[in-house]
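Reader: I am new to this one. Please show it to me, and then take me through it step by step.

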Amino acid sequence: GMGHTFAARGAWTALARPRAKPAKAEPLPASIRARAEKAQGLDEAERFQLMEDAGLPMAPCRAVASKAEAEKTAVSLGFPVALKGGGPEILHKTEMGLVKLGLRDASTVGAAYDELAGKVGSKGGVFIQPMIGPGIELILGARIDAGFGPAIVVGLGGTYVEIFKAASLRMAPIGREEAREMPREGALGKI
């Protein structure tokens, strides 16, 4: 509708403004760059590890392939944990019932694993992470658009992605300072 039209126009205007200074993108080490170029083929745990290796602080994320492995991994990460089902075709985990938060013991983790593995089936896998204390969860996305080139988006993460639609968009490359500014912009910066 019109809301999307105005949002697109606003984003285009923001992107069309000349930058105060050219971005000084720092080159990624070759090993990280090679993995980043294949990011669409990586599972959730591998993407989290890639971002950590690139210098972004991330909550540990482990792929688990069985109930026993989920229970053992939860014990090693420490309780409480979150269990998530995910895969390339799965975009909205929460709406699909694929997120289990605040799991406080191995038997609860095992039951959650069975439920998520049944829902995900062959479309993906099950991942486990420790619950992190209070803070703001962010989403980070990157895409190479055929018409515009590489773009980066930073916005509110988790269930807030769809509710607030607060995000900052940049055309790549961007430097470290510009990346740090992105979460502080617009509605995102007021939180």
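Author: First, a term: contact means heavy atoms within 4.5 Å. This is a predicted model, where local features need pLDDT of at least 70, side-chain atom pairs count only at pLDDT 80 or more, and totals for chains, interfaces and linings use all residues. Residues are numbered from 1 along each chain as its sequence is written, and side-chain values use heavy atoms, with hydrogens and water left out.

Reader: Which residues does Asp53 touch, not counting residues up to four places away in sequence?

Author: Asp53 sits in helix 3, residues 44-53. Helices (H or I, at least four residues) and strands (E, at least two) are DSSP runs, numbered from the N terminus. With sequence neighbours up to four places away set aside, Asp53 touches Ile32 and Arg35.

Reader: Is Asp53 buried, partly exposed or exposed?

Author: Buried means under 20% relative accessible area, exposed over 50%, and partly exposed in between, using a 1.4 Å probe and protein chains only. The relative accessible area of Asp53 is 36%, so Asp53 is partly exposed.

Reader: What distance separates the C-alpha atoms of Asp53 and Pro29?

Author: Along the chain, Asp53 and Pro29 are 24 residues apart. Their C-alpha atoms are separated by 9.7 Å.

Reader: How many helices and strands does the chain have, and what share of its residues is buried?

Author: The chain has 8 helices and 7 strands. Of its 191 residues, the buried share is 25%.

Reader: In what order do the 3 strands of the open sheet stand?

Author: Two strands pair if DSSP finds at least two bridges between them. Here the pairing is antiparallel. The order is 5-6-7.

Reader: Why is one side of strand 5 and of strand 7 left without a neighbour in the sheet?

Author: Strand 5 (138-145) and strand 7 (167-171) stand at the edges. One side of each lacks a neighbour in the sheet because each has a single partner strand.

Reader: How many bridges join strand 5 to strand 6, and how many pair strand 6 with strand 7?

Author: Strand 6 covers residues 149-156 and runs antiparallel to strand 5. A hairpin through 3 residues joins strand 5 to strand 6. Strand 5 and strand 6 share 8 bridges, while strand 6 and strand 7 pair over 5.

Reader: What are the bridge partners of Ile139, Leu140 and Val153?

Author: Two of these partners lie in strand 6: Gly155 for Ile139 and Val154 for Leu140. For Val153, the partner is in strand 7: Leu169.

Reader: How many residues of strand 6 are buried?

Author: Strand 6 is mostly covered. It has 8 residues, and the buried ones number 6.

Reader: Is Leu138 buried or partly exposed?

Author: Leu138 lies in strand 5. Its relative accessibility is 43%, so Leu138 counts as partly exposed.

Reader: Where is the cis peptide bond that ends at Pro80, and where is the one that ends at Pro173?

Author: The bond from Phe79 to Pro80 is cis, with omega near -5 degrees. The bond from Ala172 to Pro173 is cis too, with omega near 5 degrees. Pro80 is in the loop between helix 4 (67-77) and strand 2 (81-86). Pro173 is in the loop between strand 7 and helix 7 (176-181).
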